[in-house]
Every structure is written in C-alpha cells, then in structure tokens.
Amino acid sequence: TSDESFKGVKITAENITIENGSHISANGKGYLNGPGEPSSEFAGASYGGIGDRNIQGSPYGSAKEPIDLGSGGSGNFRGGGAISLSVNNVITNNGTISANGDQNSSGGSIYIRAKTLAGSGNLSANGGGFFLGSNIYGSGSGGRIAVYYENSSFDGVTEAKGGCGSYDSFTPYCGQNGTVGLFNESTNDFYVNNSSWKFMENDGPFSFNNIIFNTAKITSENDVIITADNIIIDNESSFILADNQEL
C-alpha cells in the first residue's frame, strides 16, 4: 500500500555473484489484487500480458523499465514481486533470479542494469498456472524483464511466460506471455530471444542501431515511433504492427 512508485527490492553493488543452487527470489511477493486482478473469480491475473479468461484486467506498467508488482489472482494468491539490480561491474548468474507469480497470478518484474552480464543461470517472471479448487481458476500472465548491459557472455534462460493449465486434460490454456527485452548499451542494439515483446506508446520513442528478433513474438501499440538502421526477424519470429500488418 506504499505511495512509493517502486515497491520491490533494489540492490546496488559493485559485483553480484549467484552460484549454482542459489537464488534471489521475489516469488509471490506482489499484489494480493492489483491493477491486473481478474475480471471474474475464474480468470487469471494480468501484468506483462493478459491472464487466461481475463477480459478486464489489462497489461500495465513499462516494458523498458519494469518496476511494477505482479497482480494476484482469485483467493489469497499473489503476483510476483519486483527486483531491481544496479551493478557497477559484473553480475554473474549461475543460479536463479525470479519474480514468479503464485497460482492464478501474474509474474512480476526483473530490472537489471550492469556493465557485464555473465553466467548460465535463469531469470524468470513467469505467471502461475491455473488453480483447481471447487472451480477451475485461469492461469496468470507473464511479468516483465528488462536487462541493460555493455558486455554479455550470459547464455542462460530469460523468460516471462504465462502460466498454463487444461480444463479437459488434453488442451492447454495459458495466460499470455509477458515481455523480455535485452539492451546492449555499448552498441545500442535491442534483442528479443525466445520470448515476447510489445512496443508501447508510453515507452517510446524507440531508437536503436539494430533490432534483432530471434524466435520472438513482437507486437506494437498505435502511435509508436521506432527508428533503427536494421531490423532482423529470424527463426519463425513475427512482428505484427498495430494495424495487424505483418513484416
């Protein structure tokens, strides 16, 4: 209930090392309700995307500078919390940095700024899967992750996936994925790898040397200005503009 715009945990350090088996976690530390709370008690919560069956709780916050808490689902479930890491030199992640949502809830936020990114661990802001109680409650959406660096040898997993579940034991139904963006500040290049991104008006304008989408699903709001020397769309990636034209 704080009036502060950032309600998560902020760590500032010269270097951060997370060894294999260790973690920085804000799992289930978000809103009990929140801006993306379900439109009905059977829907999943939204944040970086839209929760399953959620027709009221829209995505919110910034994809470029994610600081918001995730939203909670029906019952006493909470969204993912928010983690902000400001590292003057090297962050080495061989463990896990996570802001995942509880069942029926959305993922939260991970916002990293570092000179060098290294390791082969995991960053996740995933939504929670559906909850089976007296009724079936839909899955939450993914949260938001943004990582800024000058050098990177990181080859781990970075994801903000929507949670999933099946109402008929055969067909999976999922909350939408959230947003994951990687920003190389030394070359002014923008990457989306094996994840989703949405260019939003409140984050714009966007100006990069190179925009590189690799196995990525990209959408854009209306009135967004994107400037780049090159846009590379690889490996079954898609870039769908606001008027539904596809590049």
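1. Residue N100 in this predicted model has a relative accessibility of 19%. Because a residue is termed buried when under 20% of its relative area is accessible, N100 counts as buried.

2. The position of N100 along the chain is in a loop, the one between β5 (96–98) and β6 (109–118). Leaving aside residues up to four places away in sequence, N100 touches A26, N27 and G28, then G79 and G80, then G107, and also S124, A125 and N126.

3. Strand β5, which precedes that loop, belongs to an open sheet of four strands. The order in this sheet is β3-β5-β7-β12, with parallel pairing. At its edges lie β3 (23–25) and β12 (157–159), each of which pairs on one side only. On average, and with direction ignored, neighbouring strands of the sheet are turned by 5° against each other.

4. The pairing of β3 with β5 deserves a separate remark. These two strands are joined in the parallel sense over three bridges. H23 has T96, in β5, as its bridge partner.

5. A second region to examine is strand β19, residues 217–220. In a regular strand, side chains alternate between the two faces of the sheet. Strand β19 shows such an alternation: I218 and S220 are buried and point to one face, whereas K217 and T219 point to the other face and are not buried.

6. Which strands pair with β19? One of them is β17 (residues 196–199), which pairs with β19 in the parallel sense over four bridges. Another is β21 (residues 238–240), which runs parallel to β19 and is joined to it by three bridges. T219 takes part in both pairings: K198 stands opposite T219, and I240 in β21 is a bridge partner of T219.

7. For the chain as a whole, the secondary structure consists of 21 strands and zero helices. Of the contacts with a separation of 6 or more, 61% are between residues 24 or more positions apart.

8. How does the radius of gyration of the chain compare with that of a compact globule of 247 residues? Such a globule would have a radius near 18 Å, and the chain has 17 Å, so the value agrees. The C-alpha trace spans about 50 × 45 × 40 Å along its principal axes.

9. The final point concerns burial and surface. Among the 247 residues of the chain, 48% count as buried. The accessible surface comes to about 11,400 Å², and carbon and sulfur atoms contribute 44% of this surface.

Definitions and conventions: Residues numbered from 1 in each chain as written. Predicted model: local features only at pLDDT ≥ 70, side-chain atom pairs only at ≥ 80, totals over all residues. Heavy atoms only, no water. Buried < 20%, exposed > 50% of the residue type's maximum accessible area, 1.4 Å probe, protein only. Contact = heavy atoms within 4.5 Å. Pairing = 2+ DSSP bridges. Axes fitted to C-alpha atoms, helices over the stretch in contact; angles between N-to-C directions. Rg over C-alpha atoms; globule rule 2.2 N^0.38 Å. Areas by Shrake-Rupley, 256 points an atom, 1.4 Å probe, with all protein chains shown as cover.
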